[in-house]
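Notebook open, coffee at hand. Here is what I looked up today, entry by entry.

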Amino acid sequence: MSIKRIAPSILAADFANLQRDIEMVNQSEADWFHIDIMDGVFVPNISFGMPVLKAISKHATKTIDVHLMIVDPDRYIQTFADLGANVLTVHYEACPHLHRTLQAIKAAGMKAGVALNPHTNVNLLEDVIKDIDLVCIMSVNPGFGGQSFIENTFSKIKRLKDLIIEKGATTEIEIDGGVNDKNAKDLIDAGADVLVAGSFVFKSENPTATIANLKKIVS
Ligand code: DX5
Ligand code: ZN
């Protein structure tokens, strides 16, 4: 069985204590850093941008998984590579030339991810699935942390898993939004490989222990 990963979302960290929270993730059993970039256009919220990612990269010792919730992400592919992103995920809904975008991300030396909004059908990826390293299924509407998990996600994971197998692809499935200790096991059983968790980790009393518990649940 493939490795199952936990990716704490830095969006829910304490930005006044960012270095402390990054060190906590470094020392924890987490696998990846999940970094949410929002532009206030693709989603109705603005998170943080390049200078903050640069500061995060300076301290992070694990894979940096950048989730771009921005329009026209092609403009910034090289910039994010230079800032230390290892996985770069763009939204299907923001990319009219998705195949070209995926090739550009790989040419810049990163793994290429595609995120799907809750209403976007997984079958739309049929013709590019072999070019995608990671599909991020949004289990909330993107833009904010702390929202409730959308149950239809389970059906999407199963359909995407079937598509990946049918096409002989090696794509990993990431789930983003409303992940907690109640749904983690079922998500993995449905076919997920990477679970993003923001509020559930950072708003808990002991984030290190919460990450360890999630890791135990998925292993
Ligand atoms: C939402 C972001 C998520 C968010 C998840 O637009 O993409 O990564 O940080 O936060 P929680 O785990 O609080 O739902
Ligand atoms: Zn995200």
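**Annotated site.** I started with the UniProt record, an unreviewed entry, which places a "binding site" feature at His34, Asp36, His67 and Asp176. How far apart do they sit in sequence and in space? They spread over 143 residues of sequence, yet they cluster in the fold, with a largest C-alpha distance of 10.5 Å. I also checked where His34 falls: it is in strand S2, which covers residues 32–38.

**Confidence.** I reminded myself that this is a predicted model. The mean pLDDT of the protein is 98, and 100% of its residues reach 70 or more. For the complex, I noted an ipTM of 0.99 and a pTM of 0.98 from the predictor.

**A helix pair.** Next I turned to H1, residues 18–27, and H2, residues 50–59. At what angle do they pack? I read about 45°, with the axes 10 Å apart. Angles from 65 to 115 degrees would be roughly perpendicular and those under 35 roughly parallel, so I logged H1 and H2 as oblique to each other. I added that the crossing of H1 past H2 is right-handed.

**Who meets whom.** Which residues make the contact between H1 and H2? From H1 I listed Leu18, Gln19, Ile22 and Glu23; facing them from H2 are Ala55, Ile56 and His59. Sorting this contact by class, I got four nonpolar residues, two polar ones and one charged.

Notes
Residues numbered from 1 in each chain as written. Chains lettered and ligands numbered in written order. Predicted model: local features only at pLDDT ≥ 70, side-chain atom pairs only at ≥ 80, totals over all residues. pLDDT = per-residue confidence, 0-100. Axes fitted to C-alpha atoms, helices over the stretch in contact; angles between N-to-C directions. Helix = DSSP H or I, 4+ residues; strand = E, 2+ residues; numbered from the N terminus. Parallel < 35°, antiparallel > 145°, perpendicular 65-115°, else oblique. Left-handed = near helix turned anticlockwise from the far one by under 90°. Contact = placed C-beta atoms within 7 Å. Nonpolar A, V, L, I, M, F, W, Y, C, P; charged D, E, K, R; others polar. UniProt positions renumbered as here; feature names shortened; annotations may be inferred.
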